[in-house]
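The following exercises concern a pocket and a ligand. Please study the sequence and the structure before reading each solution.

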Amino acid sequence: MSKGKLYVISGPSGAGKGTICKKVIEADVNIRLSVSMTTRDPREGEIEAVDYFFVSRDDFEKLLSEGGLLEYNLYVNNYYGTPREQVIKWLHEGHDVILEIDYHGAFQVKEAYPEAVLIFILPPSVDELKARIIGRGSESEETLKKRLEEAMNDLEQADKYDYCVINENVDAAADEVQRIMNIERSKEA
Ligand code: 5GP
């Protein structure tokens, strides 16, 4: 059976990676998007098992200790991780799989799966990024400050990725990600 390809999409919070991933998934029925597990509280409108699996710290740590996570990170006082089983199953079934995770997780994945393709989404400018993070308005001042700091750290990792895509316009950025996936597929043909 042909195996699928693993893609990691990262970028600072507010760069628009969620919207881009959604568009890419909608355009190709063969692609699957991994749903991460997190200990942070759901934001308004977020849906269990669609946006994240929202779990307690104890449950997260239990799965981690059992080897059930492909990668994980502690980000602004909360755990985030990729449940291993579903991703491996999809890949064996021949689906391409996207992980929308931060750079700590991306480098863990690249270490374990060197054939994984890492794509970094950049905002059009730092000012625009700050405006998007602040505009979300879902965080306390303290968390917001930490998220802005993390976003600046994230930007410094872009050159370690296989590809960078600037999200000036979300449709164009999603097209660019699809183009990259086509390039990667053609390498295997
Ligand atoms: P947010 O709280 O804004 O949804 O996500 C915060 C950060 O955690 C984002 O940079 C997001 O990409 C990252 N993230 C989400 N899920 C995972 C995951 O499963 N693993 C890792 N390492 N990072 C994740």
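**Exercise 1.** How many Å separate an oxygen atom of the ligand from an N or O atom in the side chain of arginine 43? Describe the other polar contacts of the ligand as well.

*Solution.* The model is a predicted one. Step one concerns arginine 43: an N or O atom in its side chain is 3.0 Å from an oxygen atom of the ligand. Step two turns to arginine 147, where a polar side-chain atom and a ligand oxygen atom lie 2.7 Å apart. Step three considers aspartate 102, whose side chain has an N or O atom 2.8 Å from a nitrogen atom of the ligand. These distances count as polar contacts because the cut-off for a pair of N or O atoms is 3.5 Å.

**Exercise 2.** Determine which residues surround the ligand, and where the ligand sits.

*Solution.* First, the ligand has 18 residues around it, and those that come nearest are Ser36, Arg40, Tyr52, Tyr80 and Arg147. Next, sorting this shell by class gives eight charged, six polar and four nonpolar residues. Finally, the site of the ligand is the largest pocket. The elements that contribute two or more residues to the shell around the ligand are S5 and S6.

**Exercise 3.** Describe the largest pocket and its lining.

*Solution.* Begin with the space: the largest pocket holds about 1000 Å³. Its lining consists of 35 residues, and Lys17, Gly18, Tyr52, Glu100 and Arg136 lie nearest the centre. Among the elements that give two or more residues to this lining are strand S5 (69-75), strand S6 (78-83) and helix H5 (126-136). Helix H1 gives the most, namely four residues. By class, the lining comprises 14 charged, 11 polar and 10 nonpolar residues.

Conventions. Residues are numbered from 1 along each chain as its sequence is written. This is a predicted model: local features need pLDDT of at least 70, side-chain atom pairs count only at pLDDT 80 or more; totals for chains, interfaces and linings use all residues. Side-chain values use heavy atoms; hydrogens and water are left out. On a 1 Å grid over the protein atoms alone, a cavity is a set of points where a 1.4 Å probe fits but cannot get out, and a pocket is an open set with protein on both sides within 12 Å along at least five of seven lines; lining residues have an atom within 4 Å of a point. Grid points are joined across faces, edges and corners, and a volume is the space filled by probe spheres set on the points. Ala, Val, Leu, Ile, Met, Phe, Trp, Tyr, Cys and Pro count as nonpolar, Asp, Glu, Lys and Arg as charged, and the others, Gly among them, as polar. A residue is near a molecule or strand if one of its heavy atoms lies within 4 Å of it. A polar contact is a pair of N or O atoms within 3.5 Å; within protein, one must be able to donate a hydrogen and the other to accept it, and residues adjacent in sequence count only if both atoms are side-chain atoms. A molecule sits in a cavity or pocket if more than half of its atoms lie within 2 Å of its grid points.
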